[in-house]
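Student: I should like a close look at how one pair of neighbouring helices packs in this model. Please begin with the contact itself, and then set that pair beside the other helix pairs and the spaces between helices.

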Amino acid sequence: MAADGGDEQQATFAGALNNHAVWLMQAGRHDEALSVSEEAIKAHRRLVHRDSENLPGLVTALSNHAVWLGVVGRSAEALEMSEAALASRRQLAEQDQERHLPDLAAAVANHVVRLTEAKRYPEALTHSLEALGLAHKLAAPQRARFLPDLARTIGNHALLMAETGQSAEALRLSGQTVELHRELASYNLEAYLPGLAIALGNHVALLDGVERPDEALAYSTEELELLRKSAEPDPGGRLLRLAGALEDHARRLGRAGRQPEAVPVHAEALALRRKLVGRDREAHLPKLAVTAKWYAVLLETVDRPDEALPLMEEAVAAFRELARQDHEAHLPGLVRALGDYVRLLAATDRDASSLAHSRHVVDASRELTARDPDTHLALFAAAANDHVLRLVEEGRWAEALPFSREAVDACEELVIRDQATHLPLLAKVLLWHGLLVAESGSPVEALAPSQRVVAAFLELIDHDADTYIPDLARAAGNHATLLARNDRHAAALELSEQALSLFSELADRDPST
């Protein structure tokens, strides 16, 4: 039955509601958009109740609402809405496949996203394969029209393969996605450049995952070139993606041993982060803090500590500001930045300043550990040990001893949890603790931790002799000295000979030592 004038007016009103919800969503007014979208769904349902020919409008409203629920994190509701939209799309496609098949393909692809968000991977894979089949079917007779959808669908399937541990297949499909996006960009670079950049970024991440660094760097370089071209015309999201891509590329260069090449790349990333903070400080300050910190660490790695210091100060200042706004969320970042700052102060001969900051790091990391020992105990152990070293450098051995005891206790607990990870730190902490106890006038008490240091390094050289033989040699020498101070001269002589043998072996491996 044809709709009367009232139905036409209601259809126009329902469509207007749906369009208004779209504009609100694009403006970031999510709650208002969802409220208007719900009104649109009700209006479309009234129309369908009067005439089933109005079903396509309802399905569009349901599909949009499902996507938007996913955007605001209401995943369970989004999945339920997506299932309803997909069922209706199937109904329409059964009635007129030629007309409704493209919309069905889009609905299946969207439902894959919802299922993936819910970690229902077997169902997501089944639907993703269906989406692939539909995309190929549509593109076969009309390649130009449906090539963008095909590229997007293959790319999403590649990511799903990676999520479910099928790395080889994910990489193959991801490579196909890049080639399809390159083809699209060859037709219209401006329109399809963002999609190609995203495809390249996803492919780089997959290459990182299977440890193919040279290929990852090549694709990452191409990604950066594209993002630089697209950053200025649309300075919002693309500028943000460029900053992230620059940081990732700098890290890849660093892992490849090409730290000097990483320096200008990271500098470019920092400049972008500062630019973004100038536009929206609250939104972008957390990323600026992290970027400044890692750039400072990189400069220290290439022996430019004086240039690194003001950047680390910028990072610390940013983390302090963030911690004032949300103490619990940002205190861990502040503690780590302060720890790096202390190390830089010492490296640039500012020991007095480094000691005050070092104490602050210990106190803050102790606070974090009291709140969440499983997460932060290792941070506290390292901070306490670093503070011990700062105090020793200042000749304040007596003050260092209680912090050393705290570091030993923390490391003992960590080793119980995971010996392979934490034994190296325990060995180094015990090395200094033995020296501090001996210096305090208790050479007998110092024997136990000193002996444990030797035993720990003996265990460590079984796994990595090149790294730990120097430490073992020093530990053995220190223990021999302690034995002699306790009148155990024969044992001291034997251990001293072992230490000399280790130093000799070390010299043979590296004549510079």
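Tutor: Two residues are taken to be in contact when heavy atoms of theirs lie within 4.5 Å. The model under discussion is a predicted one.

By that criterion, the pair to examine is H2 and H3. On the H2 side, the residues that meet H3 are His30, Leu34, Ser37, Glu38, Ile41, His44, Arg45 and Val48. Their partners in H3 are Leu55, Gly57, Leu58, Ala61, Leu62, His65, Trp68, Leu69 and Val71. Sorted by class, this contact comprises 10 nonpolar, five polar and two charged residues.

The geometry of the pair is as follows. Helix H2 spans residues 30-50, and helix H3 covers 55-71. Their axes come within 9 Å and cross at roughly 155°. Angles over 145 degrees count as roughly antiparallel, and H2 and H3 are therefore roughly antiparallel to each other. The crossing in which H2 passes H3 is left-handed.

Helix H3 also takes part in enclosing a space. The structure holds three cavities of 30 Å³ or more, and the largest of them contains about 70 Å³ of space. Its lining draws at least two residues from each of H3, helix H4 (75-95) and helix H5 (97-117). The lining residues are Ser63, Ala66, Val67, Ser82, Ala85, Leu86, Ala107, Asn110 and Arg114. Five of these are nonpolar, three are polar and one is charged.

Helix H5 leads on to an open space. The second largest pocket holds about 250 Å³, and H5, helix H6 (121-139) and helix H7 (143-163) are the elements that give two or more residues to its lining. Of the 15 residues in that lining, Ala106, Ala109, Asp149, Arg152 and Thr153 lie nearest the centre of the pocket. The lining as a whole has 10 nonpolar, three polar and two charged residues.

Further along the chain, H11 and H12 form another packed pair. Helix H11 (residues 237-255) and helix H12 (residues 259-279) have axes 8 Å apart and pack at an angle of about 155°. That angle makes H11 roughly antiparallel to H12, and H11 passes H12 in a left-handed crossing. From H11, the contact uses Leu239, Leu240, Leu242, Ala243, Gly244, Leu246, Glu247, His249, Ala250, Leu253 and Gly254. From H12 come Gln259, Glu261, Ala262, Val265, His266, Glu268, Ala269, Leu272, Arg273, Lys275, Leu276 and Arg279. The classes represented are 12 nonpolar, five polar and six charged residues.

The largest pocket has a volume of about 310 Å³. Among the 17 residues that line this pocket, Gly339, Asp340, Arg343, Ala382 and Asp386 are the closest to its centre. Helix H15 (327-347), helix H16 (351-371) and helix H17 (373-393) each contribute at least two lining residues. The lining divides into eight nonpolar, three polar and six charged residues.

Helix H17, which helps to line the largest pocket, also packs against helix H18 (residues 397-417). The axes of H17 and H18 come within 8 Å and cross at roughly 150°. With the bound for roughly antiparallel set at over 145 degrees, H17 and H18 are therefore roughly antiparallel to each other. Their crossing is left-handed. Pro373, Asp374, Leu377, Ala378, Phe380, Ala381, Ala384, Asn385, His387, Val388, Leu391 and Val392 form the H17 side of the contact. On the H18 side are Trp397, Glu399, Ala400, Phe403, Ser404, Glu406, Ala407, Ala410, Cys411, Glu413, Leu414 and Arg417. This contact has 16 nonpolar, three polar and five charged residues.

How values were computed: Residues are numbered from 1 along each chain as its sequence is written. This is a predicted model: local features need pLDDT of at least 70, side-chain atom pairs count only at pLDDT 80 or more; totals for chains, interfaces and linings use all residues. Side-chain values use heavy atoms; hydrogens and water are left out. On a 1 Å grid over the protein atoms alone, a cavity is a set of points where a 1.4 Å probe fits but cannot get out, and a pocket is an open set with protein on both sides within 12 Å along at least five of seven lines; lining residues have an atom within 4 Å of a point. Grid points are joined across faces, edges and corners, and a volume is the space filled by probe spheres set on the points. Helices (H or I, at least four residues) and strands (E, at least two) are DSSP runs, numbered from the N terminus. Ala, Val, Leu, Ile, Met, Phe, Trp, Tyr, Cys and Pro count as nonpolar, Asp, Glu, Lys and Arg as charged, and the others, Gly among them, as polar. Axes are lines fitted to C-alpha atoms, for helices over the stretch in contact, and angles run from 0 to 180 degrees between N-to-C directions. Angles under 35 degrees count as roughly parallel, over 145 as roughly antiparallel, 65 to 115 as roughly perpendicular and the rest as oblique. A crossing is left-handed if the near helix is turned anticlockwise from the far one by less than a right angle, and right-handed if clockwise.
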